[in-house]
Amino acid sequence: MLKPVPPAVIRLLEEQRQVITRHQLNGLAMPRPALEWLLGNGTWQRLDTAVYYAGQGDPPWLSLAWAASLAAGEDAVLYRESAAHLHGLLATPPDPIQLVVPTGRAARSRRFSEVTRSQTSRRTLTVTGLRCTGVADTLIDCAASMGARDLEALITGAFQRRKVSASGLRKAVNAMRAVAQREILAAAAADALAGAHSVLELDYLRNVERPHDLPVGTRQHSPRKGEYVDVYYEEYGVIVELDGYSPHALTPFRDQTRDNRNSSDGKSTLRYGSFDLAAHGCEVAIEVAELLIRRGWTGYPAACPRCDSRIPLG
């Protein structure tokens with residue numbers, strides 16, 4: 001009669017998202033016939049050579065990440081989009097799972113994983129028990145495979161979630177000799193220090209406020225507890241709200257309610273979407289400037305290189 005699965009094996013499976021290796025089973029005195037019986041009746045399944053999943057159906061991504069890490073060895077580290085997903089910065093789990101090992105290591109890719117060898121030293125963290133690159137190094141690694149817009153969204157998402165600071169990212173970029181899209185990483189860090197912590201805030205800063213010499217607004221100002229406005233020109237009582245798409249049905253009503261409260265406090269609100277900022281930054285600058293002037297700004301907006309000759313700036 002077959003012995004039950006040893007308690008030590010059950011505990012390890014719980015720690016490793018139901019994934020275990022033959023080497024670990026041998027070390028925990030799991031009888032080989034018991035393993036073959038579990039595999040034979042479909043209670044467990046073989047993910048790869050000497051790597052098993054104690055479950056049925058398709059393993060979840062975290063289980064596959066455990067399998068990839070265990071198969072690649074103790075010095076293997078999840079990186080790039082795999083690390084970004086583990087940090088909560090990318091919603092969609094990447095396929096295959098990406099790992100990096102030191103140069104010279106004999107680790108091979110599996111059907112669910114891709115192993116890269118690198119001599120670059122990376123700072124690492126442990127998340128849900130898995131070793132992965134730190135957030136700053138993860139952003140730098142992702143720069144090698146992402147387009148500029150996706151990379152900016154990833155970086156600003158990390159800032160918004162307080163996963164990394166602008167100074168921390170800048171320090172990591174400066175510490176690496178070879179960095180893809182170094183200018184984008186550095187610019188995002190610099191603009192985050194100026195308060196732009198989202199792609200829309202970057203667009204407003206870069207396409208509207210800065211190139212047209214508007215006054216410098218305060219980012220993420222809190223006029224009352226639990227509420228924040230994107231850009232606030234306090235001296236003139238002007239608020240600029242930047243709206244991305246939101247599927248929440250109550251969002252327009254909540255925005256209107258907040259705008260009404262601000263209006264009752266003597267403030268004026270202008271609201272723009274991503275298309276406005278990307279395609280009509282100059283027109284947006286005119287509207288903001290006109291309101292600022294009506295409210296006491298004595299300056300005048302400058303014309304940027306993108307301004308159409310019909311736009312009365314400068």
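Biologist: What does pLDDT express, and what does the chain average?

Modeller: pLDDT is the predictor's confidence in each residue, on a scale from 0 to 100. The model is predicted, and 89% of its residues score at least 70. The chain average is a pLDDT of 88.

Biologist: Which element of the chain has the lowest mean pLDDT?

Modeller: At the upper end stands helix α5 (residues 80-86), whose mean of 98 is the highest among the elements. Over residues 245-254 the pLDDT is below 50, and this stretch has two contacts in the model beyond near neighbours in sequence. Where pLDDT is low, the predicted coordinates should not be read in detail. The lowest mean, 46, belongs to helix α11 (residues 251-264).

Biologist: In what order do the three strands of the open sheet lie?

Modeller: Strands β1 (19-21) and β2 (45-48) are the edge strands, each pairing on one side only. The pairing is antiparallel, and β2 and strand β3 (residues 51-53) are joined over three bridges. From one strand to the next the twist averages 35°. The order is therefore β1-β3-β2.

Biologist: Which helix lies across β1, β2 and β3?

Modeller: The helix in question spans residues 61-72. Its direction is at about 20° to β1. The helix is α4.

Biologist: Which residue forms a salt bridge with D48?

Modeller: D48 is in strand β2, and its bridge partner in β3 is V51. The salt-bridge partner of D48 lies 60 residues away, in the loop between β5 (97-102) and β6 (113-118), so the pair links distant parts of the chain. The closest N and O atoms are 3.4 Å apart, which is within the 4 Å cut-off for a salt bridge. The partner is R108.

Biologist: How many salt bridges does the structure hold?

Modeller: The pair of D48 and R108 is a salt bridge. The total for the structure is 14.

Biologist: Are helices α9 and α10 roughly parallel or roughly perpendicular?

Modeller: Helix α9 (residues 182-193) and helix α10 (residues 199-209) pack with their axes 11 Å apart, at an angle of about 90°. Angles of 65 to 115 degrees count as roughly perpendicular. Therefore α9 is, with respect to α10, roughly perpendicular.

Biologist: Which residues make the contact between α9 and α10?

Modeller: By class, the contact has four nonpolar, no polar and two charged residues. From α9 come A187, A188 and D191. From α10 come L202, L205 and R206.

Conventions: Residues numbered from 1 in each chain as written. Predicted model: local features only at pLDDT ≥ 70, side-chain atom pairs only at ≥ 80, totals over all residues. Heavy atoms only, no water. Axes fitted to C-alpha atoms, helices over the stretch in contact; angles between N-to-C directions. Helix = DSSP H or I, 4+ residues; strand = E, 2+ residues; numbered from the N terminus. Parallel < 35°, antiparallel > 145°, perpendicular 65-115°, else oblique. Contact = heavy atoms within 4.5 Å. Nonpolar A, V, L, I, M, F, W, Y, C, P; charged D, E, K, R; others polar. Pairing = 2+ DSSP bridges. Salt bridge = Lys/Arg side-chain N within 4 Å of Asp/Glu carboxyl O.
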